[in-house]
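Student: I would like to go through this model by way of its pocket, its nonpolar packing and a few single residues. Can we take them in that order?

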Amino acid sequence: MKIKLVTVGKLKEKYLKDGISEYTKRLNRFTKFDIIELPDEKTPDKASHLENQQILDKEGARILSKLADKEFVIVLAIEGQQFPSEKFSKILSDITIRGISDITFVIGGSLGLSTAVKKRANLLMSFGKLTLPHQLMRLVLVEQIYRAFMIQQGSPYHK
């Protein structure tokens, strides 16, 4: 199994990098895990709706270029479905049982995601109605992926 995270924007904060690095190291015993950082478009102050849409489309094209047809794509979107950790773990397990070995997660930039990226998704997933910085969301997601594997192992990590 291979899990990939495609994300828009560069991670700058050391504490987030350290946390992601720790969970990535832990994940390596279960799966090959890669992160692909794509450049974000600069958003002008007081950008118009059209300018924002053009930015989303450019970032969306970059994201789509990193997705293969055979991958199961899970896109993080506020309008997506919410799951408890146990259900999320089961979803990942069920994907592999169906014979799919490549799972890709997508986190958009500060404006979100283009419609084209959301349409490509096999699953839209939400971590709730709160708006979180996309850099912080990376850490939360990587921890939840690790937690999902620990749940599958019956580990006391998930209490």
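Student: By class, which residues make up the lining of the largest pocket?
Tutor: This is a predicted model, and its largest pocket has a volume of about 640 Å³. The pocket is lined by 28 residues, with Leu76, Ala77, Ile78, Gly112 and Leu132 nearest its centre. Sorted by class, the lining has three charged, twelve polar and 13 nonpolar residues.

Student: Which element gives the most to the lining of the largest pocket?
Tutor: The lining of the largest pocket has 28 residues. The elements that contribute two or more of them are α2 (49–64), β3 (72–81), α4 (115–120) and α5 (134–153). With four residues, the one that gives the most is β3.

Student: Which residues from the UniProt "binding site" set does the lining of the largest pocket take in?
Tutor: The unreviewed UniProt entry lists Leu76, Gly108, Phe127, Gly128, Lys129, Leu130, Thr131 and Leu132 under "binding site". From this set, the lining of the largest pocket takes in Leu76, Gly108, Phe127, Gly128, Lys129, Leu130, Thr131 and Leu132.

Student: Is Phe127 buried, partly exposed or exposed?
Tutor: Phe127 sits in the loop between β5 and α5. Leaving aside neighbours within four places in sequence, Phe127 is in contact with Leu76, Met137, Val140, Leu141 and Gln144. Its relative accessible area is 34%, and partly exposed covers the range between 20% and 50%. Phe127 is therefore partly exposed.

Student: And Gly128, buried or exposed?
Tutor: Gly128 is also placed in the loop between β5 and α5. Apart from residues up to four places away in sequence, Gly128 touches Ile78 and Gln82. The cut-off for buried is under 20% relative accessible area, and Gly128 has 13%, so Gly128 is buried.

Student: Which residues does Gln82 contact, leaving aside its neighbours within four places in sequence?
Tutor: Gln82 belongs to the loop between β3 and α3. At 47% relative accessibility, Gln82 counts as partly exposed. Its C-alpha atom is 26 Å from that of Gln53, with the two positions 29 residues apart in sequence numbering. The contacts of Gln82, with those neighbours left aside, are Ser126, Gly128 and Lys129.

Student: Which element gives the most to the largest nonpolar core?
Tutor: That core has 31 residues, of which Ile74, Leu92, Ile95, Phe105 and Ile145 touch the most other members. Two or more residues each come from β1 (2–8), α1 (14–27), β3, α3 (85–97), β4 (102–107), β5 (123–125) and α5. The element that gives the most, with nine residues, is α5.

Student: How many residues are in the other core?
Tutor: The other core lies apart from the largest nonpolar core. Its members include Val6, Val8, Val73 and Ala121. The number of residues in this other core is eleven.

Student: Which residues does Ile95 touch, not counting residues up to four places away in sequence?
Tutor: Ile95 is one of the residues that touch the most other members of the largest nonpolar core. With those sequence neighbours left out, Ile95 touches Phe72, Ile74, Ile100 and Ile103.

Student: Is Leu123 buried or exposed?
Tutor: Leu123 is placed in strand β5. Sequence neighbours up to four places away aside, Leu123 touches Phe72, Val73, Ile74, Val75, Gln81, Phe83 and Ile91. Leu123 and Leu76 are 47 residues apart in sequence, with their C-alpha atoms 8.6 Å apart. Since its relative accessibility is 11%, Leu123 counts as buried.

Student: Which residues are in contact with Gly109, leaving aside its neighbours within four places in sequence?
Tutor: Gly109 falls in the loop between β4 and α4. Gly109 is buried, at a relative accessible area of 10%. From Gly109 to Ser65, 44 residues apart along the chain, the C-alpha separation is 16 Å. The contacts of Gly109, with those neighbours set aside, are Val8, Glu59 and His134.

Student: What is the phi of Lys46?
Tutor: Lys46 lies in the loop between β2 (32–38) and α2. Lys46 counts as exposed because its relative accessibility is 85%. Although Lys46 is not a glycine, its phi is positive, at about 55°.

Note on methods. Residues numbered from 1 in each chain as written. Predicted model: local features only at pLDDT ≥ 70, side-chain atom pairs only at ≥ 80, totals over all residues. Heavy atoms only, no water. 1 Å grid on protein atoms, 1.4 Å probe; cavity = no way out; pocket = protein on both sides within 12 Å on 5 of 7 lines; lining within 4 Å. Points joined across faces, edges and corners; volume = space filled by probe spheres on them. Nonpolar A, V, L, I, M, F, W, Y, C, P; charged D, E, K, R; others polar. Core = buried A, V, L, I, M, F, W, Y, C linked by side-chain atoms within 4.5 Å. Buried < 20%, exposed > 50% of the residue type's maximum accessible area, 1.4 Å probe, protein only. Contact = heavy atoms within 4.5 Å. UniProt positions renumbered as here; feature names shortened; annotations may be inferred.
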